[in-house]
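Reader: Could you walk me through the labels used for this structure, setting each one against its cut-off? I would like to see how every label is earned.

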Amino acid sequence: MPFPAPFQQYSLGEAYDEMFASVGEPRPHFQALFDRLRELPMAELRRRKQTADQTFLHQGITFTLAGRDEGMERIIPHDLLPRIITGEEWAVIESGLTQRIFALNEFLGDIYTDGHILNDKIVPRDIIFSCRHFRREMRGVQVPRGVYVTVVGTDLIRTPAGEFVVLEDNLRVPSGVSYMLTSRQVMKRAFPDLFQTCDVRPIDHYGQALLATLREQAPNNRSNPTVVLLSPGVYNAAYFEHSYLARQMGVQLVEGRDLAVHDNIVHMRTTGGLRRVDVIYRRIDDDFIDPLSFRPDSILGIPGLFNAYRTGNVTLANAIGSGVADDKALFAYVPRIIRYYTGMDPILENVETMLCSNKAERQHVLENLDKLVVKAVGESGGFGMLIGPHSSAREREEFRAMIEADPRNYVAQPTVSLSTAPCFVDGSGVEPRHVDLRPYILHGEKTTIVPGALTRVALRKGSLVVNSSQGGGSKDTWVLN
Amino acid sequence: MDMLSRVADSLYWMSRYLERAEHMARVLDVYVSEQLEEYSGAGDRRWRSVVDSLGLEAPSSVNEGNVGYWLAFDIANRSSIVACIMSARDNARNVREQISSEMWEHLNRLFHQVRAASLTEDWSADQHAFLTEVKDGAHLFQGITDSTMNHGEGWHFIQLGRFIERAVSVSSVVDVHFRDHMPADDGEHHEGVDLLKSCTAFEAYCKVYTAELKPLRISEFLLLNHEFPHSVCFAVDQVEVALRALPQSADRRIGGKALRLAGKLKATLTYGQIDEIMTTGLHAFLAEIDRQCNEIHVALHQIYIEYPIESAIEV
C-alpha cells in the first residue's frame, strides 16, 4: 500500500521513522494522527499552522537574531504535527535518565570532595582537571543535601534499530523547557480532538515541580524560603523562558543588579526595602555569576555571591562547577560512572564516543574524518562541530590541524542517523524530518521528569542539525498513557 | 509579593512612554487635519509651535514637509511615536512576568503594527489611520491594564507614570498655545478648538461651557477642572492617590517627600483661580507645575528605586 495523501512525498530511508513501520503502515500509536491528517484538507492544515505561528508571535515566544535590528524578532520555527511516544518507551527513558542523573550527581559530589572515583582510576584525573568547567574553588564546599544538579536537559536520539541512546547531557543551564510547555498550549488549540482520542499525559505541572525541587534545597532548612530566578536580562536569547518560568513558579525574576550581598547574605532590592534571598535558580554561567570570584569583567553578576554561597547562606541551582559532568570528553566515561555509583549497567546507552586525547582513537578519528562527527568539548548549540559526510576537504583539514594541536579538546562520534518524524511542509504535505528528544529532569530529594520533552527537528530536508541557532525547529512531544 | 525596584521603574516608564505616544498621536492628528484647511504661509510657524508644544527640539534637517515623519516614524528621533511605543514595549518586556499576558500581548502587537507601518509605509500614505491606531491602541492598553491587572503596587506605578506624563504634557501644550496665541476674548477661535482637541477635551468642554470658546475658560478647563481626565488638576489628583497607596518607606528622612510634594501641587491646583493665574502670568505658573512634577518624579526614584544599600539593610 503506497503513501496516501497528504503523505505522497513521504519516504522511508535507513533511519528509524517514528510514524511508519513500513510504507503506508502507521505504527499503532500514530494511527489516530494518521487518520486525522488524511481527512484534513491542505488549506485547513495551513490555516492551523498560521494560527499557531500567530499565537507564538503574539505571546512573544520569540528570539532575537544576533546583530539584526533590535525590533525584529522571529518565532522559533514550530512544526504543526506532534511527535508521539508510547507509555512503554517513556518508562525506559524515565528510569534510564533517573539512573543517569543520580550517578552524575554522585560523581560531582565525589570529585569535589574525596575523589574516590579518581583514586580508583575509573576516570583519569587529567580529564577532570583539564576541563574548562571544573572549578577548583568548589573543593570542599558543602552544597545543601548534596544536590549539585537540580535541572538537567539530556539529549537523546533514536537509532535505526529504534533504541533511545544519549547524545549529550546539559548540566549547566539547559534551556528549551518553555518551548515544551508553550507548544503544548498551542497544540491544544490546533488539535483539540486528537488530544482526547490519544490520551496524552499532561505536563502543565512542571512549574510547581520545579518550585518544589528548588524550595527543598534552601540553606539550613530555612522555612518558607525565598526563591528567585536569576536571568542575564532581557537581551539574553532565552529571556522569554526565564520570564515564563518565573511566572509559572510565582517567583521573582531578578537580574544581577537587583541583588546585593552584605555580610555574606544575599538581598534583593524591592520598593519596600531589601529582602533576603535563599535559593537562586540561576540562568547565568559560572563565569559571569560573580565578578569577584570569576570573570572580573562580568557586569551581569553579583559581587560577593560566591562567598555567600560558600558560607552556606544561599543555594545556587545548579551548583557552581557542575559543568564538568557534561564535558564532551567525560561523556565517554559516563557508562563507567553509572556502573561505579549504582553497581548496575546503564539503562540508556551512550552514543559511541572516541576521545582524541587517546592515541589509538585519535588515529582512527583522523583517518575517518569524512565519516565521523567531530565536536569541540566545551562548545554547545551546534558550534565547533564538523559533520564529516557533509564537510568539505578544506573543513576537514582545518579540523585535522585543530585536533592535532589540542587533542583533549575534541571528541568524535559516528554519524548517527537520527530518527525521522512527520512534519507539515507547506505546499507538499507531510514529509519526514530528522528529530532528537530533550526531556527535562528535576533532581532533588526525588527525581521528577514530567512526561514530555522538547523534540527538536531539523527542518531542512535531509539535515541532521537540530539546533535552533542553526535552522532547527521544535515539535510538541506527546507521551501517551 | 514584594516588588523589585527595577520592576517598579520599568512599569512606570512603560506607562509614561505609552501616554506620551498617545499624546503625540493626538497632537499630530490635530495638526495633520488642520493642515488640510490651512492656506500656505502660516505653515512654518505652525509646525514649529507643534514641536515646541511637545517639548522637543527639532534638528535643522526637519522642515514642514518631513516634520510628520520625524514625529511619528523616525526612530532616530528617540521621542517619535514609534520610538516611544518601542520604549514602552521594551520596558514591558523587562517585566513580562509582572504584567498580565493580555497587557503584554496587546502592547507587543501594537508595537509590531506600528513598527511594520513605519518600515513599509510612506508616512504621507494614511496618517489619520496610523494615528488612530496608536490612540486606540493606547486606550485599549489602558482598559486592559485596568481590568486584567491587580490594582496593587505595580498598578499604582503605572498610574504614576501615566499621570505625571499627562500633567507635564498638557501643561506644555497649554503653555505653547498661549505663548503663540495671545488670549483675547474675541476673534477666530479655531486654534482654541485645536488645543482642546489635542487634549481630547473639545466635547467635554462643550458640556461644561457650551461651544462658546473663551481662552480663559479653555485654560481653566485644561488646568483646573476636577472631573476631566486630561486636565492637569485631575492628573495631579491621581498622582497623589497613587502615592498614598504605595507602601511608606522605612526611611523617614525621605519617606514622605513625594507625597508631600504632590499634596502641595494638588492644593495649588485645587485652590487656584484662573483669573489670578492669568494676572500673575500663565507661563510662570505652568513652568512651576512642570518643575514640581519633575521633583515628584525625582523623589519617587529616591524613595523606591535608587535608594542606597547601606541605609536599607534590614535589622
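Reader: Why is His78(A) called buried in this predicted model?

Author: His78(A) has a relative accessibility of 3%. Buried means under 20% relative accessible area, exposed means over 50%, and partly exposed is in between, with a 1.4 Å probe and protein chains only. The value of 3% therefore places His78(A) among the buried residues. His78(A) sits in the loop between strand E4 (73–75) and strand E5 (83–85) of chain A; helices (H or I, at least four residues) and strands (E, at least two) are DSSP runs, numbered from the N terminus.

Reader: Which residues does His78(A) touch, leaving out those up to four places away in sequence?

Author: They are Lys49(A), Phe56(A), Ser183(A), Met187(A), Ser474(A) and Asp476(A). Contact here means heavy atoms within 4.5 Å.

Reader: And what makes Asn358(A) partly exposed?

Author: Asn358(A) has 32% relative accessibility, so it falls between the two limits and counts as partly exposed. Asn358(A) is in the loop between strand E16 (354–355) and helix H13 (359–367) of chain A. Its C-alpha is 8.5 Å from that of Arg408(A), with the two positions 50 residues apart in sequence.

Reader: How do you know how far to trust chain A?

Author: By pLDDT, the predictor's confidence in each residue, from 0 to 100. Chain A has a mean of 90, and 96% of its residues reach 70 or more. Over residues 66–71 of chain A, however, the pLDDT is below 50, and this stretch has 8 contacts in the model beyond near neighbours in sequence. As for the ground rules, residues are numbered from 1 along each chain as its sequence is written, and chains are lettered from A and ligands numbered from 1 in the order in which they are written. Because the model is predicted, local features need pLDDT of at least 70 and side-chain atom pairs count only at 80 or more, while totals for chains, interfaces and linings use all residues, and side-chain values use heavy atoms, with hydrogens and water left out.

Reader: Over to chain B: why are H7(B) and H15(B) called roughly antiparallel?

Author: Helix H7 (residues 153–180) and helix H15 (residues 282–305) of chain B pack at about 160°, with axes 9 Å apart. Axes are lines fitted to C-alpha atoms, for helices over the stretch in contact, and angles run from 0 to 180 degrees between N-to-C directions. Angles under 35 degrees are roughly parallel, over 145 roughly antiparallel, 65 to 115 roughly perpendicular and the rest oblique. H7(B) and H15(B) are therefore roughly antiparallel. Among the residues that meet are Phe157(B) and Leu160(B) of H7(B), and Leu300(B) and Tyr304(B) of H15(B). By class, this contact of H7(B) with H15(B) has 14 nonpolar, 2 polar and 2 charged residues; Ala, Val, Leu, Ile, Met, Phe, Trp, Tyr, Cys and Pro count as nonpolar, Asp, Glu, Lys and Arg as charged, and the others, Gly among them, as polar.

Reader: What makes H7(B) and H10(B) roughly antiparallel?

Author: H7(B) and helix H10 (residues 215–224) of chain B pack at about 165°, with axes 10 Å apart. That angle is over 145, so the pair counts as roughly antiparallel. Val170(B), Val174(B) and Phe178(B) of H7(B) make the contact with Pro215(B), Ser219(B), Leu222(B) and Leu223(B) of H10(B).

Reader: Why is H10(B) described as largely enclosed?

Author: Because 7 of the 10 residues of H10(B) are buried. Ile218(B) and Phe221(B) are included in that group.
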